[in-house]
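Student: Hey, I've just opened this one and I'm new to it. Can you walk me through it?
Tutor: Sure, let's put it up and go topic by topic.

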Amino acid sequence: MPAVAGGTVLAPQAWICRATPQAAGSAQAASAGPLAGLTFAVKDNIDAASLPTTAGCPAFAYTPTASAFVVQKLLDAGAQLAGKTNLDQFACGLNGTRSPFGAVPNAFNPAYVSGGSSSGSAYVVATGQVDFSLGTDTAGSGRVPAGLNNIVGLKPSRGLISARGVVPAAQSVDCVSIFARTVATAVQVLEHAMAHDALDPYSRRLALTSEPFAPAFRFGVPATLEFYGDRAAEAAFSEAVVRLQALGGTPVAIDFAPLAQVAALLYESALVAERYTAIRSFFDAHEAEVVEPVRSIIAAGRKYSAADLYEVQTELKRLGQQADAMWGSIDVLVVPTAPTHYTIAQMQRDPVVLNRRLGAYTNFVNLLDYAALSVPSAVRADGLPFGITLIGACGSDWQLADLGQRYHHSTGLTQGATGLPLPAMRAIAGLRKPATVRVAVVGAHLSGMPLNTQLTERGAVLAGPAETAPDYRLFALPGTTPPKPGLLRVGAGQGACIALEIWDMPLAAYGSFVALIPAPLGIGTLALRDGSTVQGFVCEPEALHGALDISHLGGWRAYMTSLKTAAA
């Protein structure tokens, strides 16, 4: 165990050390800035001034005098550093058991793996110990732990966040990643973390796409999926496909073979030489200090020649050309974040094969220069989380965030392992706001009511409550499923003020929404109490014969509450 300056050595598992106030940043800095009030942790292969960087290997440890570029940007934005987290040694692994500091357990069931290599960073977010954390992602380490712990894992486009001050795993494809319990928080962090850094050889100036995916989008699904016998994961992914369809998506089967072949190259070709290069001097002098199977994986990089590397780089380009053909028929690719779960005991008995399986749907992403976002999808019947990953072309980060946030909120899940409900969605600032139309709803489309999903799946956002002018009467229509009201304009001052909600709906989705409205209901112009007008639900007068006038209750929600009270 290394000596820790500026922090406190902790017991094994999620934390390696906690920051003192001096190491975390001044109280003055923490009280100001756009990220003020947020706490964060960093994976212990990312430098934080005065805290040791171990990369999960005590013999490798050093204490940096300056923080990594990205850490300093977050501190400058007002976020407060809580400490350094455990990882698969030298960021080599996807399971969280390859550390001399101890295995990091799953946040939902400690018998299971947390996912790695950013295991500790995911765990402390899932359990509510910090608001967000930084990981790194070469083969999926910013996504697999998110999927296994019911949190968000944002793997940005390569080079969007500087990796200066990060111990490399495979420097040409490494990404600093962000874990959070909501997409909105992850996006907020990305906004302040990303910047071109001329001192990072792989940093890039990227123009991110500012148009959201269309309301009717196409999502690719591998034509053949492998879950390694895990029926619960298979069922959860099938449910995810249905949920994406409800959000306006159309599934398109894609040939996964080129992607799988790319994934295999990461550890089974000369590309592994880059992992050896990353710590070559240390490894050659201290090979015995490296744990298995990390030692064998890195040592394998010694055997390849420059000619071998050029050969595999050409093969990677060839497979990339094949894979890129899928973007002609889809807007986004959707895969399970991880195909199954394993216990810590299972992983330790078969650490290479089972680890490779966890990366089946992640290993290819950075090699092909794609962006990715893992979002929670379900908690299975056995209590284990299941996540999906949205994958897009380089620069699609804001598009993925927008769709990912809508998807996450449609699941009804709580935040990580905290049990806290999801907060309200936030607009993705990097996207141009689409043209919208304001729609007033009075009945089954109100928030929390059975048909509200017809609004949310089209990207509609609640603008707030309102009331009609006192010119309307509200009726409970007989024989409707689900129960619906009818709103009728009766004349100035002859009715009541009826409660409603106003929603802002993307104009591109408005037509499909109106097409769902059954007779005798329709859309017309409603007069509001404040004197303004808005598009909203109206009813044909002939349909109200025999309907119950509920205007005196002031709205549909009050009427539904009265029915429950009467039944009780």
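Student: How many positive and negative side chains does the protein chain have?
Tutor: There are 38 positive and 41 negative side chains. Lys and Arg count as positive and Asp and Glu as negative, while His and the chain ends are not counted. The centres of the two sets lie 2 Å apart, with each charge placed at NZ of Lys, CZ of Arg, CG of Asp or CD of Glu.

Student: Before I go on, what am I looking at?
Tutor: This is a predicted model, where local features need pLDDT of at least 70, side-chain atom pairs count only at pLDDT 80 or more, and totals for chains, interfaces and linings use all residues. Residues are numbered from 1 along each chain as its sequence is written, and side-chain values use heavy atoms, with hydrogens and water left out.

Student: Ok, how many helices and strands?
Tutor: The protein chain has 18 helices and 22 strands. These are DSSP runs numbered from the N terminus: helices are H or I with at least four residues, strands are E with at least two.

Student: And why is it called as compact as a globular protein of that length?
Tutor: The radius of gyration is 26 Å, close to the 24 Å that the globule rule gives for 568 residues, so the chain is as compact as a globular protein of that length. That radius is taken over C-alpha atoms, and the rule is 2.2 Å times the number of residues to the power 0.38. The C-alpha atoms fill a box of roughly 90 × 55 × 45 Å along the principal axes.

Student: What share of the residues is buried?
Tutor: Buried residues make up 55% of the 568. Buried means under 20% relative accessible area, exposed means over 50%, and partly exposed is in between (1.4 Å probe, protein chains only).

Student: What about contacts along the chain?
Tutor: Of the contacts with a separation of 6 or more, 74% are between residues 24 or more positions apart. Contact means heavy atoms within 4.5 Å.

Student: Switching to helix H6: is it mostly covered or mostly open?
Tutor: Helix H6 spans residues 183–193, and 9 of its 11 residues are buried. Among them are Val183, Val187, Leu190 and Ala193.

Student: What do the buried residues of H6 pack against?
Tutor: Their partners include helix H3 (69–76), strand E5 (132–137), strand E11 (370–379) and helix H15 (397–410).

Student: Anything to point at in H15?
Tutor: Try His408, which sits in helix H15. At 1% relative accessibility, His408 counts as buried. Leaving aside neighbours within four places in sequence, His408 is in contact with Val152, Arg181, Thr182, Pro376 and Leu422.

Student: How many salt bridges are there?
Tutor: The structure holds 21. A salt bridge here is a side-chain nitrogen of Lys or Arg within 4 Å of a carboxyl oxygen of Asp or Glu.

Student: Which residue pairs with Asp230?
Tutor: Asp230 forms a salt bridge with Arg380, the closest N and O atoms being 2.9 Å apart. That pair links distant parts of the chain, 150 residues apart: Asp230 is in the loop between strand E8 (217–222) and helix H7 (231–246), and Arg380 is in the loop between E11 and strand E12 (385–393). Asp230 is buried at 9%, and Arg380 is buried at 10%.

Student: Which other residue does Arg380 meet in a salt bridge?
Tutor: Arg380 also meets Asp382, at 2.7 Å from N to O. Asp382 is partly exposed, with a relative accessible area of 43%.

Student: Any odd backbone spots?
Tutor: A few. The peptide bond from Gly116 to Ser117 is cis, with omega near 0 degrees. Another cis bond joins Ala519 and Pro520, with omega about 15 degrees.

Student: And why flag those?
Tutor: Most residues other than glycine have a negative phi, and most peptide bonds are trans.

Student: So which residues have a positive phi?
Tutor: Ser50 is one of them, with a phi of about 80 degrees although it is not a glycine. Ala55 has a positive phi too, near 55 degrees. Ser50 is in the loop between strand E3 (39–43) and H3, and Ala55 lies in the loop between E3 and H3.

Student: Is each buried or partly exposed?
Tutor: Ser50 is partly exposed at 28%, whereas Ala55 is buried at 0% relative accessibility.
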